[in-house]
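I opened this notebook to keep track of what I looked up in one protein model, going from the whole chain down to single residues. The entries are in the order in which I made them.

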Amino acid sequence: MTRVTRAAELVNAVVPGESRGRAFPPAGDDRELRERVNGMITAAYRITLDVADAAALAAAAGQLREVFGAVDAGDIDSAAIRINAMVTEYGARPTLIRRGDEPWHLHFHDPDAPVVMGIMASFAGGFAYLLGTEYAERVGVCSAEHCDRVYMDVSRNGTKRFCSTACQNRTKTAAFRARRAEG
């Protein structure tokens with residue numbers, strides 16, 4: 001689930017749309033795009049991408065956004081077809097890797113794969129695993145009006161409908177005000 005959560009973070013960082021009731025435009029230039037991508041990638045992977053790799057990863061985030069949308073719409077077949085294509089495109093395959101004194105851990109790419117291929121293989125492999133379980137329904141698109149950010153619900157009860165507490169509060173406040181105006 002961590003890989004899908006990271007995929008959601010990437011999508012939300014770079015894919016234009018709406019966020020928390022406001023427009024979320026595309027990055028204005030290469031520097032801004034690189035900052036958006038690295039804001040997520042550096043924290044998750046302790047690496048910093050150059051402009052070309054950041055642009056390639058941002059383009060691939062569009063593919064991931066389509067998968068989130070398909071799952072949210074209940075179209076698991078379409079999501080699975082898209083993920084299978086990404087698994088092939090990015091060469092995802094489970095591999096146990098150990099570096100130095102670290103314990104063995106699962107990767108979905110060759111240790112020598114280019115960074116974008118490795119990250120996207122990891123996301124595609126993680127999504128493929130998730131879609132084959134009962135947890136597929138925990139992937140979603142924010143239910144708040146004027147927000148299309150995506151999420152991976154890691155809560156205990158699996159009832160998340162919003163990308164953030166801000167969107168949840170905004171929706172509840174609007175509902176309260178509408179009820180109050182009616183009554």
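The entries below cover the overall fold, two helices, one leucine and two arginines.

**Entry 1, the whole chain.** I note at the outset that this is a predicted model. I counted the secondary structure elements and found six helices and six strands in the protein chain, and when I read along the sequence I obtained the pattern α-β-β-α-α-α-β-β-α-β-β-α. The radius of gyration came out at 18 Å, close to the 16 Å that the globule rule gives for 183 residues, so I recorded the protein chain as being as compact as a globular protein of that length. I also took the extent of the C-alpha trace along its principal axes, which is about 65 × 40 × 35 Å.

**Entry 2, burial, contacts and charge.** Of the 183 residues of the protein chain, I found that 38% count as buried. I then looked at the contacts with a separation of 6 or more, and residues 24 or more positions apart account for 51% of them. The protein chain exposes about 10,300 Å², and I noted that carbon and sulfur atoms supply 51% of this area. For the charges, I compared the mean position of the 23 positive ones with that of the 23 negative ones, and these two positions are 8 Å apart.

**Entry 3, helix H3.** I turned next to helix H3, residues 51–72, whose 22 residues reach 31 Å from the first C-alpha to the last, close to the 32 Å expected at 1.5 Å a residue. Its buried residues include Ala54, Leu57, Ala58, Leu64, Val67, Phe68 and Val71, and I marked Arg65 as another member of that buried set. When I asked what covers the buried residues of H3, I found helices H1 (2–14), H2 (30–45), H4 (76–89) and H5 (115–131) among the elements, together with strands E5 (139–141) and E6 (150–152).

**Entry 4, helix H1.** The 13 residues of H1 should span 18 Å at 1.5 Å a residue, and I found its end C-alpha atoms 19 Å apart, which agrees. The buried residues that I listed for H1 are Val4, Ala7, Ala8, Leu10, Val11, Ala13 and Val14. The cover over these buried residues includes strand E2 (22–24), and H2, H3, H5, E5 and E6 also belong to it.

**Entry 5, leucine 33.** Is leucine 33, which I located in helix H2, buried or exposed? With a relative accessible area of 15%, leucine 33 is buried, because the cut-off for that class is under 20%. Leaving aside its neighbours within four places in sequence, I found leucine 33 in contact with Val14, Ala27, Ala54, Ala55 and Ala58. Of these partners, Val14 is among the buried residues of H1, while Ala54 and Ala58 are among those of H3. I also checked threonine 88, 55 residues away along the chain, and its C-alpha atom is separated from that of leucine 33 by 26 Å.

**Entry 6, two arginines.** Most residues other than glycine have a negative phi, so I looked for exceptions. Arginine 20 has a positive phi near 55°; it lies in the loop between strand E1 (17–19) and E2 and is partly exposed, with a relative accessible area of 43%. Arginine 46, likewise not a glycine, has a positive phi of about 55°. I placed arginine 46 in the loop between H2 and H3, and its relative accessible area of 75% makes it exposed.

Notes: Residues are numbered from 1 along each chain as its sequence is written. This is a predicted model: local features need pLDDT of at least 70, side-chain atom pairs count only at pLDDT 80 or more; totals for chains, interfaces and linings use all residues. Side-chain values use heavy atoms; hydrogens and water are left out. The radius of gyration is taken over C-alpha atoms; the globule rule is 2.2 Å times the number of residues to the power 0.38. Buried means under 20% relative accessible area, exposed over 50%, partly exposed in between (1.4 Å probe, protein chains only). Contact means heavy atoms within 4.5 Å. Accessible areas come from the Shrake-Rupley method with a 1.4 Å probe; for residues, only the protein chains shown count as cover. Lys and Arg count as positive and Asp and Glu as negative; His and the chain ends are not counted. The place of a charge is taken as NZ of Lys, CZ of Arg, CG of Asp or CD of Glu. The expected span of a helix is 1.5 Å times one less than its number of residues.
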